[in-house]
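Visitor: I'd like a close look at one part of this model, with enough of the surroundings to make sense of it. Take your time over the answer.

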Amino acid sequence: MISMIYIEREIALHPRTQKICAQFPKAQHVLIDRYTEVFNPKNQNFRAQKENPALILAYKHEHHVLAVPESYGLGASAHYYFSHLLNCPYDCRYCFLQGMYSSAHYVFFVNLEDFNEAIRAKIHQAPNQEQWFFSGYDSDSLAFEPVTCFAQTCIPLFEEYPNAYLELRTKSTQIRSLTHRMPLKNVIIAYSLNPDAIAKALEHKAPSLEKRLQAMESLQEHGWRLGLRFDPLIWHQDYQHHYQTMIEMVFKRLRPEAIHSVTLGTFRLPKTFYKNIVRLYPKEALLSAGLEEYNSTITYEKNIETQMLHFCKQVIEHYIAPEHLFQYSSSLTSLETSAAYA
Amino acid sequence: MIKLLIALGAEAKPFIAYFKLKKIETPTPFKLYRNDAVELVTSGSGRISMAAATAWLGGVSPHARSIWLNVGTAGHGQFEVGAACIAHKVQEAASKRVWYPPQVIKNHSSLLSTELITVDQVHTDYENVAYDMEASAFIATAHRFANAEFVQSLKIISDTPYSSVSLLTPAALSSYIEAHLMTIEHTVNALVDLHRKVYQDVSSINLTPFLNRWRFTTSQHYQLSETLRRWLAVRHDDPLDILCQPSIKRAAEVLQLLNTTLKYEAPKVTV
């Protein structure tokens, strides 16, 4: 429950601000000039704030849509990401957000329409080419849907542009705004998945694997296309057994035609983020073993990474065609695939 | 350690009795009282005094991680005399600098939340905020010693538009504070619980047995510290056990052996 809401003066009277504030009638409201005053100070402790994060309502002035780093390209002509929300209600130990930000407060940019306009402008730059827009880089795309109505606001834009693709990356079961509308072929609901043992150990406050699977089954029944994101793969004793069991279970419950794509990637973090996370959780064994530095990225030692990717790939290829499987590797400069992403 | 920074002796008096604090008799620039868990310093009024006292306590008693609280009386434009509040925003009138102490604990039901403006002169033109003369200096200085979550300012309202500051007596200040000792203790306990939770995993690793036995360069010293952290996270045995071979003579060999052993040690999943 949100007990403190910081509100930028500029958007204090914005209808979305007022609607959200009404959802938390007991919360204290504090007017601020810019969200950075609260969010950016350096001597904050992410772990302490995670115990009771505040909500910051802000206005995004520029840079609504940004190009995805080249190494994360997916074979389409252009790839972008956008972040209407910073931080996430889940508390995954491997999450780079806790290494990137000093604050665990949620920042929601209420001017969603400006994100839509920025997406539209990018599409109009190359209207006949396939372009991808990723949401869920700085937060879970759906976890706050009942508060933000983000998906409800963003998805209709993609009805107009079949060449433009939207990926909503999530672990959430908040799918009502999707199941209550017609599905779109160019909107992919991509679920991050890990075996139950890893989810319990590392993905705190996130829905269990079973709950995620139930949400995905419901989405497939409603005609939505799904993405499976086995990322980050976490190296541990029995990892082969755990990942095989999970992958088999996932493909037993989801129909191949509902699956748009599968991606694989092992745990990897920029070195500075990793150091910050380790400072918060120095005794986390799953973030301490088998790692090495490679191009300022902390990732698994090459043999471990190769073995994990190879093993999971073999299991997955029993169920889907290779052109739907993509994998990230620290030694590759782009996503390794034999086919275009769409 | 809980560090209480209080401007006036009359405001400090109830805490000294409640926490059974002993005065440190050796000559010090500020009066210091303490027990095993709490240190209290009276600074005198005003920003300079508070900044000096906070910095002095941070220097003289440098516990790596402490909870810093400024407690005192304040004026307010709307709250009633005797109300207790925690500052969610502190503004320094002179510089216009602003701090937002993160509100990370669930407040006691009788603890209100307020914006607090630190002024240099007694302020009687009240608006719907609290006024004091020290909090901004306390916050700015204590942030040098602790994360913002563990630096908080609690105020008991002593004067309002309907109750003049000129009528305040030391006895009245003491009684306002005394009435809220339980509320303040509740806040302190909540911060202590959170502090314990946040820092439970952070313990310094004893490098001495290694440093006594091998010569590490500065860079190797850092590598040793990180390697031992990983070792203790993944394994539960003593790293010195595998280093008992007499053939290991150099620090580089120590690091290599530890890292090689760790390299293919897949951790167990524990929930």
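Visitor: In strand β18 of chain A, which residues point one way and which the other, and are they buried or exposed?

Guide: Bear in mind that this is a predicted model. Strand β18 covers residues 325-328 of chain A. A:Leu325 and A:Gln327 point one way, A:Phe326 and A:Tyr328 point the other way, and all of them are buried. That is the pattern you'd expect: in a regular strand the side chains alternate between the two faces of the sheet.

What does β18(A) pair with? Its partner is strand β14 (residues 259-266) of chain A, in the parallel sense and over 4 bridges. Within that pairing, A:Leu264 stands opposite A:Gln327.

Now zoom out to the chain that holds the strand. Chain A has 13 helices and 18 strands. Its radius of gyration is 20 Å, close to the 20 Å that the globule rule gives for 342 residues, so chain A is as compact as a globular protein of that length. If you want a box for it, the C-alpha atoms fill roughly 55 × 50 × 35 Å along the principal axes. Buried residues make up 46% of the chain, and the four in β18(A) that we started with are among them. Of the contacts in chain A with a separation of 6 or more, 78% are between residues 24 or more positions apart.

For a helix in the same chain, try α10(A), residues 209-221. Its 13 residues reach 18 Å from first C-alpha to last, close to the 18 Å expected at 1.5 Å a residue. The buried residues here are A:Leu209, A:Arg212, A:Ala215, A:Met216 and A:Leu219. They cover an arc of only 125° around the axis, which puts them on the same side of α10(A). The general reason such spacing works is that an α-helix has 3.6 residues a turn, so residues three or four places apart point the same way. On the other side of α10(A), A:Glu210 and A:Glu221 are exposed. The buried residues pack against several elements of chain A, including β11 (187-192), β13 (225-233) and α11 (239-253). Just after the helix, A:Gly223 takes a positive phi of about 95°.

One of those packing partners, β13(A), has a backbone oddity of its own. A:Pro232 is found in that strand, and a cis peptide bond with omega of about 5° joins A:Asp231 to A:Pro232. As background, most residues other than glycine have a negative phi, and most peptide bonds are trans. Further along, A:Ser296 has a positive phi of about 65° although it is not a glycine. A:Ser296 is found in the loop between β16 (291-294) and β17 (297-300) of chain A, and with 8 C-beta neighbours inside 10 Å it counts as exposed. Chain B has a case as well: B:Lys20 has a positive phi of about 50°. B:Lys20 lies in the loop between α1 (9-18) and β2 (22-23) of chain B and is exposed, with 9 other C-beta atoms within 10 Å.

That brings us to the other chain. In all, 30 residues of chain B are in contact with 32 residues of chain A. On the chain B side, the elements that give two or more residues are β6 (84-92), α5 (181-199), α7 (218-234) and α8 (251-263). The largest share, 4 residues, comes from α7(B). By type, the chain B side divides into 16 nonpolar, 6 polar and 8 charged residues.

Of these elements, α5(B) is a good one to follow. It has 19 residues and reaches 26 Å from its first C-alpha to its last, close to the 27 Å expected at 1.5 Å a residue. Its buried residues are B:Ile184, B:Thr187, B:Val188, B:Leu191, B:Leu194, B:His195 and B:Val198. They cover an arc of only 130° around the axis, which puts them on the same side of α5(B). B:Met182, B:Asp193, B:Arg196 and B:Lys197 are exposed on the other side. The buried residues of α5(B) pack against α3 (46-49) of chain A, together with strands of chain B, among them β1 (2-6), β5 (67-76) and β6.

Note on methods. Residues are numbered from 1 along each chain as its sequence is written. Chains are lettered from A and ligands numbered from 1 in the order in which they are written. This is a predicted model: local features need pLDDT of at least 70, side-chain atom pairs count only at pLDDT 80 or more; totals for chains, interfaces and linings use all residues. The expected span of a helix is 1.5 Å times one less than its number of residues. A residue is buried if 20 or more other C-beta atoms lie within 10 Å of its own, exposed if 12 or fewer, and partly exposed in between; C-beta atoms are placed from the backbone. The arc is that of the directions from the helix axis to the C-beta atoms. Two residues are in contact if their C-beta atoms, placed from the backbone, lie within 7 Å. Ala, Val, Leu, Ile, Met, Phe, Trp, Tyr, Cys and Pro count as nonpolar, Asp, Glu, Lys and Arg as charged, and the others, Gly among them, as polar. The radius of gyration is taken over C-alpha atoms; the globule rule is 2.2 Å times the number of residues to the power 0.38. Two strands pair if DSSP finds at least two bridges between them.
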